[in-house]
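This report describes a sheet and the internal cavities of a protein model. Please consult the sequence and the coordinates alongside the text.

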Amino acid sequence: MKIGLISDTHIPDRLSLLPENVIKAFEGVDLILHAGDVTDYEVIEKLEKIAPVLAVEGNMDRRFGRVDLPKSRIIKAENQKIGILHGDRLLRGDMEQLAYNAMEMGVNILISGHTHIPHAEKIKDIILINPGSPTVPRASEKTVATLEINSDKVEIEFVKV
């Protein structure tokens with residue numbers, strides 16, 4: 001199963017449209033997970049033309065009030081249990097706290113956002129992934145990610161958009 005990972009799109013509050021390269025990066029995915037700060041349902045509608053989308057609420061979603069999403073989600077994909085949350089209630093980039101959140105959720109992969117910085121790390125058999133931001137990067141590049149799961153094999157690829 002191939003999953004597209006995206007976070008912190010901030011459309012239209014920081015950029016008017018989702019970059020077309022996001023659509024290209026997600027060609028062939030089975031599912032898209034959005035880790036918050038969608039800020040407008042049009043983003044979800046555009047992504048749903050590619051694959052089903054599951055999204056969670058980010059701090060800017062609460063601020064603008066244009067989307068109504070759960071704070072977190074848990075899904076199963078192949079042999080993996082995946083959690084999704086935005087991560088704004090933590091110290092920025094606190095990987096150890098994210099690992100504890102994953103343990104509390106009972107997941108072995110946790111997708112988060114908020115920092116706008118692409119990152120993948122394994123802590124205590126838990127894979128933590130932040131796809132970055134395709135619109136407002138705090139790192140040098142705008143990014144999304146893909147997660148490919150084949151049984152117990154997990155591959156993560158960051159894609160510059």
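Which residue in strand 9 is the bridge partner of Lys2?

## Pairing of strands 1 and 9

The model is predicted. In it, Lys2 has Glu148 of strand 9 as its bridge partner. The two strands concerned, strand 1 (residues 2-6) and strand 9 (residues 143-150), run antiparallel to each other and are paired over 4 bridges.

## The sheet as a whole

The pairing of strands 1 and 9 belongs to an open sheet of 5 strands, whose order is 3-2-1-9-10 and whose pairing is mixed. Strand 3 (53-55) and strand 10 (153-160) occupy the edges. Each of these has a single partner strand, so one side of each lacks a neighbour in the sheet. From one strand to the next, the twist averages 20 degrees.

## Cavities

The structure contains 2 cavities of 30 Å³ or more. The second largest cavity has a volume of about 40 Å³. Its lining is made up of Met95, Leu98, Leu110, Ser112, His119, Leu128, Ile129 and Asn130. Helix 4 (95-105) and strand 8 (126-130) are the elements that each give two or more residues to this lining.

Strand 8 supplies the largest share of the lining of the second largest cavity, with 3 residues. By residue class, this lining comprises 5 nonpolar and 3 polar residues, and no charged ones.

Notes:
Residues numbered from 1 in each chain as written. Predicted model: local features only at pLDDT ≥ 70, side-chain atom pairs only at ≥ 80, totals over all residues. Heavy atoms only, no water. 1 Å grid on protein atoms, 1.4 Å probe; cavity = no way out; pocket = protein on both sides within 12 Å on 5 of 7 lines; lining within 4 Å. Points joined across faces, edges and corners; volume = space filled by probe spheres on them. Nonpolar A, V, L, I, M, F, W, Y, C, P; charged D, E, K, R; others polar. Pairing = 2+ DSSP bridges. Axes fitted to C-alpha atoms, helices over the stretch in contact; angles between N-to-C directions.
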